[in-house]
Amino acid sequence: MIGLSPGIAVKHLLARQRQSLVSLSGIVLGVAFFLAVSSLMQGSETDFIRRLVDNSPHITIEDEFRNPHLQPVEELYPAAAVEVRRIKPLTETRGIRGYPRIMAGLRTVPGLRASPMLAGQALISFAGKDVAVTLNGMIPAEVSDVTTIQNYMIAGSVDELTANSDGIILGDGLARKLSLTLGENVAITTPTGEVHTFKIVGLFHTGRATYDETQIFADLKRVQALLKRLNRANTVIVKLDDPWRAQAMAGEIEGRFGYKSISWQEANEDLMSTLTTRNIIMYTVVSAVLIVAAFGIYNVISTVVLEKQRDIAILKSMGFLARDIRRIFLIQGVLLGLAGSALGLPFGAGLMLLLMQVRLKFPGSSDPLPLPIDWHWPQFAIAAAFAMGAALCAALLPARKAASVQPVDILRGAQ
Amino acid sequence: MTEPVIEAEGLTRQLPGEFTVTLVDDASLAVHEGEFVAITGASGSGKSSLLYLLGLLDRPTKGHIWLRGKDAAALDEDALAELRLGELGFVFQFHFLLPEFTALENVMLPMRRLGRLRQSEIEARAIELLASLDLAGEGNKLPKQLSGGQSQRVAIARALANDPLLILADEPTGNLDTAASANVQNILRDLAHRHGRAVIVVTHDRDFAAAADRVIEMSDARIVRGGRQGAS
């Protein structure tokens, strides 16, 4: 047997089927759109971060320090106002000193892969054309662990660099610009005046025009020799099994080795804050749907309270307490919220499945791709909780009004 | 003599405002078990207002009401509601049945709220009450499917649901034809005389009033006849 207050609440709602259905459909649509849009937002964010995480180092150790070194006198008197003039730093070869020691240290960390790189400016010459490029020296056997360059190879392979230390890999944009093909030889000139001839052993295409036209890859030892920076690397690229540990790990590395270590989150701080702003805007818009639906519930329950003044007066004269009356109308809100969630959740799941079937050709992609949809149980829980909260809030005012009805005022007028 | 079921002393009810309106002025009365009392008077004389005060639906500006010796002035709203639920039964001019509920469900409502009986006992008692008022077989009908007289009898059954000490009726035959009026009148009189309940009926029907054990007459918010001995 259904309880007394829920029983009365159900009867009230069933007596106004059309109004109840309209307000119910508001909640159902609100919950469904909340789910569909949030899954799309979550999906696009996950997709964006996945691309960001996959295509960039999780941590980059650079050949500089976050803060300039303190002079010994400043370290000795940290609280004193010290001014040291005419400091002239020593001239030295730039780069991470003793990077093999750092590499050995990093390799002891579980779930971490690292590889040194040395990048410098160079000029690539072919058939009378010269193009300025960034020459990246890397260890071919390790590069696949820390970059995704091998995923973008359209001709040759990264492994060729191991077999041929005079090999070079360049982007298809640069190859097109200089009319180069796989297997051809090109001359590279560095600012140190060194000239060396390399054989093209691989071509890549990332889809980012600037990158494809300016980046070339060669063996680290060869690049160190060309740039006259023996035993130097200017970056160490780190990849982690769990990219979300990057921020903490970067702090640890910087604390241990001193060199500036930038996590992917720090490097993309502006993008991450843009994502947060985008989420706030979208969730606000979607929540507005549920808030509008809550007004529908408020309208229905207010109407019931208005129409049922006489019944409320009778119930109170019979001995029902104010809180019994309040409960009846709050239950109506809860019932509408529950029913709205119960119908809205599967409807929202259906909408998500429908959206998963949609394929669009995005700019820069050659094939139509599915919309990125990402759904998790918390989204369902949030949608249901929000719907329940909105319905309950919408019922609160009419319920309070109903509870405050004075039976005598109504009965005098009804006689 | 036994303790009165309800006793009122110096009841006054005024509506505050720029011009104070006095609804009931210094009314004193006592009603005992098995007594059938009619309150009469012209329209606006304060009959219904006095009934609402006696029914603990309104609070007096001055004066006291004792229900079985318990001072109502000392009780908060919730306690008054509990008293109404257990000790009082109301019948109004219009039946005021809840339209979404069947006759049986309407009668069951006060019992379910009180919660002293099990569901099966509540249902059995409601059926018994309806049968005692010649409504056997009408229990599953909605109020709109019942005649005026039948609806008013359902309202009486609802008022009797929790076996109250005192039944208060406000013009219970005002909307009924002669036959139905006579029926309701007999039921209320029987409740007092055969079942020992105190019954107070507000009526402007002289025949109805003539059937009562005592008539309290009101005029200009005051009891002018039949109130507590020595009070008027």
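**A helix in chain B and the domains of chain A**

Let's start in chain B, where B:I122, B:A126, B:L129 and B:L130 of helix α4 are buried (20 or more other C-beta atoms within 10 Å of the residue's own, with 12 or fewer counting as exposed, anything in between as partly exposed, and C-beta atoms placed from the backbone). Down the axis of α4(B), these buried residues fall within an arc of 95°, so they line one face of the helix; the arc is that of the directions from the helix axis to the C-beta atoms. Turn to the face pointing away from the buried side and you meet the exposed residues B:S120, B:E121 and B:A124.

A word on the model: it is predicted, so local features need pLDDT of at least 70 and side-chain atom pairs pLDDT 80 or more, while totals for chains, interfaces and linings use all residues. Residues are numbered from 1 along each chain as its sequence is written, and chains are lettered from A in the order in which they are written.

Back to α4(B), which covers residues 119–132. Helices here are DSSP runs (H or I, at least four residues), numbered from the N terminus. At 1.5 Å a residue, its 14 residues should span 20 Å, and the end C-alpha atoms are indeed 20 Å apart; the expected span is 1.5 Å times one less than the number of residues. Just after the helix, B:D134 takes a positive phi of about 60°.

Over in chain A, there's domain 1 (4–53 + 271–414) and domain 2 (92–266), with bounds from an automatic or database domain assignment. Their centres, taken over C-alpha atoms, are 54 Å apart.

Conventions: Helix = DSSP H or I, 4+ residues; strand = E, 2+ residues; numbered from the N terminus.
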